[in-house]
Amino acid sequence: ATPLVREHLPAALDAAQSSDDAMLADRLVTLADLAHIAGACGNDAALLRQSIAAYDAHLRLSPSNTSAMRMRAETLLRSRDLSGAFQAFRALYDASLAASSEVAPFQLLHDAEVAEDAVRLGADPTALATAAAWRDLAAQLGAGDEEAATRRVAVSSLSASQRALLGSHGWPLPSPPPASEAPPERALRQSIDWGGAVAEYSA
């Protein structure tokens with residue numbers, strides 16, 4: 001990988017100064033990936049810097065490529081530029097909240113209940129704080145109003161504090177550990193007639 005990077009990357013970076021060619025963008029991200037791999041394997045700081053430069057040039061041509069944004073952040077982290085890495089990961093997170101992303105109060109409440117149920121079944125209790133934040137946001141978005149509860153809201157329109165409450169919504173929900181036996185009584189919702197449900201299902 002190193003010879004390819006040294007042979008082709010300088011010319012690609014020069015060309016990027018005056019071109020918006022899609023093929024050049026593809027070439028830049030490929031060379032950036034190669035430079036990252038070679039730099040990481042050889043602990044070569046110069047190659048890692050070249051990788052970052054190539055990702056920067058690529059992102060000027062393809063600013064919505066979140067895969068390149070992630071690799072750029074990883075490269076900064078490997079280069080021990082912690083401040084730059086955290087800024088890059090933050091930019092990646094913001095980019096993931098695209099204008100097309102939407103959220104609805106009913107969805108937040110549903111996912112909060114799933115997280116709470118997972119904790120009752122043995123998942124990480126820290127998920128309860130996330131569930132509480134989602135319930136708070138659902139209330140702010142009008143969960144008590146039947147019409148508002150199903151209205152989808154663009155994530156990009158949320159305030160900074162509301163985005164903080166949204167947190168990692170959309171990522172995989174917490175999972176309880178594999179059950180080796182029937183769930184403990186505390187894991188079952190007391191408001192449900194479980195005996196009746198089992199009888200109805202078995203009928």
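In which helix of the chain is confidence lowest, and in which is it highest? The structure is a predicted model, and the predictor's confidence varies along the chain: the mean pLDDT is lowest in helix α10 (residues 194-202), at 66, and highest in helix α7 (residues 127-140), at 94. Over the chain, the mean pLDDT is 82, and 84% of the residues reach 70 or more. Where pLDDT is low, the predicted coordinates should not be read in detail.

The overall plan may be considered next. The chain contains 10 helices and two strands. Read from the N terminus, these elements follow the order α-α-α-α-α-β-α-α-α-β-α-α. Of the 203 residues in the chain, 32% are buried. Among contacts with a separation of 6 or more, 63% are between residues 24 or more positions apart. The chain exposes about 12,200 Å², of which carbon and sulfur atoms supply 55%.

Helix α2 offers a useful starting point for a closer view. This helix covers residues 22-42, and its 21 residues should span 30 Å at 1.5 Å a residue; the C-alpha atoms at its ends are 30 Å apart, in agreement with that expectation. Several of its residues are buried, including Leu24, Ala25, Leu28, Val29, Leu31 and Ala32. An α-helix has 3.6 residues a turn, so residues three or four places apart point the same way. The buried residues of α2 pack against three other helices, namely α1 (2-16), α3 and α4 (66-78). Just after α2, Asn43 adopts a positive phi of about 50 degrees.

One residue of helix α3 illustrates this packing. His58 is located in α3, which comprises residues 45-61. Its relative accessible area is 2%, and His58 is therefore buried, since the cut-off for burial is under 20%. Leaving aside residues up to four places away in sequence, His58 touches Ala25, Leu28, Val29, Asn65 and Ala68. Among these partners, Ala25, Leu28 and Val29 are buried residues of α2.

Charged side chains provide further links. How many salt bridges does a search of the whole structure find? The search finds three. In one of them, Asp56 pairs with Arg72, and the closest N and O atoms are 2.5 Å apart. This pair links distant parts of the chain, for Asp56 lies in helix α3 and Arg72 in helix α4, 16 residues apart. Asp56 is partly exposed, at a relative accessible area of 25%, and Arg72 is also partly exposed, at 23%.

Another salt bridge joins the side chains of Arg135 and Glu116, with an N to O distance of 2.9 Å. Because Arg135 lies in helix α7 and Glu116 in helix α6 (residues 105-120), the pair ties together parts that are 19 residues apart in sequence. Arg135 is partly exposed, with a relative accessible area of 32%, whereas Glu116 counts as buried at 17%.

The salt bridge between Arg120 and Asp117 has an N to O distance of 1.9 Å. Both residues lie in helix α6, three residues apart, which is about one turn of the helix. Arg120 counts as partly exposed at 27% relative accessibility, and Asp117 is partly exposed at 22%.

Finally, the surface has a nonpolar feature to examine. Leu77, Leu82 and Phe86 make a nonpolar surface patch of about 310 Å². Leu77 belongs to helix α4 and is partly exposed, with a relative accessible area of 37%.

Notes. Residues numbered from 1 in each chain as written. Predicted model: local features only at pLDDT ≥ 70, side-chain atom pairs only at ≥ 80, totals over all residues. Heavy atoms only, no water. Helix = DSSP H or I, 4+ residues; strand = E, 2+ residues; numbered from the N terminus. Buried < 20%, exposed > 50% of the residue type's maximum accessible area, 1.4 Å probe, protein only. Contact = heavy atoms within 4.5 Å. Expected span 1.5 Å × (residues − 1). Areas by Shrake-Rupley, 256 points an atom, 1.4 Å probe, with all protein chains shown as cover. Patch = residues over 30% accessible without salt bridge, like charges linked within 9 Å, V, L, I, M, F, W, Y side chains within 5 Å. Salt bridge = Lys/Arg side-chain N within 4 Å of Asp/Glu carboxyl O. pLDDT = per-residue confidence, 0-100.
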